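Grab a coffee and work through these exercises with the structure open beside you. Each task is followed by a step-by-step solution.

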Amino acid sequence: MRPPLHVVVRAARPEDAVAIRRVQERSIRELGPTAYTPAEVESWAKGLRAEAYVKAMVSGSETMLVAEANGRILGFGSLKPLEISAIYVDPDVARRGVGGAVLRRLEDLARAQGRRSVRLTASLPGEPFYRAHGYREIGRRKHPTRGGIPIDAVVMEKDLSLYGR
């Protein structure tokens, strides 16, 4: 097992958008095939645009964070008003604490907003990660992708009052 990485988690900036898109696309294309068909992976990865991340950051519709080490963005996550909407990690550093660092910061933000719990929709490859961080399954559903093919996903929730920092 490789040692955890020391990353800095900070607010995403518009100039991070290209790197964020790259991380998300690589994560989908390299980790997605463990649970989804090639057509589902392609549909999920389709249409990722840096401009969409910038729009989300600037509009304030979500809070986006990045994890970086040595000036390189290795992961990111996003918190919307009702849920954690994304956590993606560069496959080169998967299972080295990057996703966990981002998740903890997003949960801290949710607590600061007065939330007692937080929900998310996990991809099938992401489900074990969230379970390991205290999330429990509350349902399953088809999640729409940008390419139009729905993929199986797991709706999960964590009671933040049970888990201190």
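**Exercise 1: helix H2 and Ser43**

Just after H2, Gly47 takes a positive phi of about 75°. Before going on, note that this is a predicted model, where local features need pLDDT of at least 70 and side-chain atom pairs count only at pLDDT 80 or more, while totals for chains, interfaces and linings use all residues. Residues are numbered from 1 along each chain as its sequence is written, and side-chain values use heavy atoms, leaving out hydrogens and water.

Task: find Ser43, decide whether Ser43 is buried or exposed, and work out what Ser43 touches.

Solution:
- Step 1. Look in helix H2, residues 38-45, for Ser43. Helices (H or I, at least four residues) and strands (E, at least two) are DSSP runs, numbered from the N terminus.
- Step 2. Check the accessibility: Ser43 counts as buried because its relative accessibility is 5%. The cut-offs are under 20% relative accessible area for buried and over 50% for exposed, with partly exposed in between (1.4 Å probe, protein chains only).
- Step 3. List the contacts (heavy atoms within 4.5 Å). Leaving aside residues up to four places away in sequence, Ser43 touches Thr145, Arg146, Gly147, Gly148 and Ile149.
- Step 4. Zoom in on Gly148: the Ser43 side chain reaches its backbone nitrogen at 3.3 Å.
- Step 5. Zoom out to the helix. Ser43 shares its buried status in H2 with Glu40, Val41, Trp44 and Ala45. The cover over these buried residues includes helix H1 (17-31) and strands E4 (84-89), E5 (117-123) and E7 (151-159).

**Exercise 2: strands E2, E3 and E4**

Task: trace how E3 pairs with E2 and with E4, then inspect the loop between E2 and E3.

Solution:
- Step 1. Start with E2 (63-69) and E3 (72-79), which pair in the antiparallel sense over 7 bridges. Pairing here requires that DSSP finds at least two bridges between the strands. For a landmark, Leu65 stands opposite Gly77 in E3.
- Step 2. Move on to E4, which runs antiparallel to E3 with 5 bridges joining them. Here Ser78 faces Ala86 in E4, and the hairpin linking E3 to E4 goes through 4 residues.
- Step 3. Ask how enclosed E3 is: 7 of its 8 residues are buried, so E3 is largely enclosed by the rest of the structure.
- Step 4. Go back to the E2-E3 hairpin, with 2 residues between the strands. Asn70 is in that loop, and its phi is near 55°, a positive value in a residue other than glycine. Asn70 is exposed because its relative accessible area is 86%.
- Step 5. Gly71 also lies in the loop between E2 and E3, and is exposed at 67% relative accessible area. Its C-alpha atom is 9.8 Å from that of Val7, 64 residues apart along the chain.

**Exercise 3: the nonpolar cores**

Task: which residues of the largest nonpolar core touch the most other members, and which element gives the largest share?

Solution:
- Step 1. A nonpolar core is a set of buried Ala, Val, Leu, Ile, Met, Phe, Trp, Tyr and Cys residues joined through side-chain atoms within 4.5 Å.
- Step 2. The largest has 25 residues, and Val7, Ile84, Tyr130 and Tyr135 touch the most other members.
- Step 3. E2, E3, E4, helix H4 (98-112), E5 and E7 each give two or more residues to this core. H4 supplies the largest share, 6 residues.
- Step 4. Apart from this core lies another, of 22 residues, including Val23, Tyr36, Tyr53 and Met57.

Key: A polar contact is a pair of N or O atoms within 3.5 Å; within protein, one must be able to donate a hydrogen and the other to accept it, and residues adjacent in sequence count only if both atoms are side-chain atoms.
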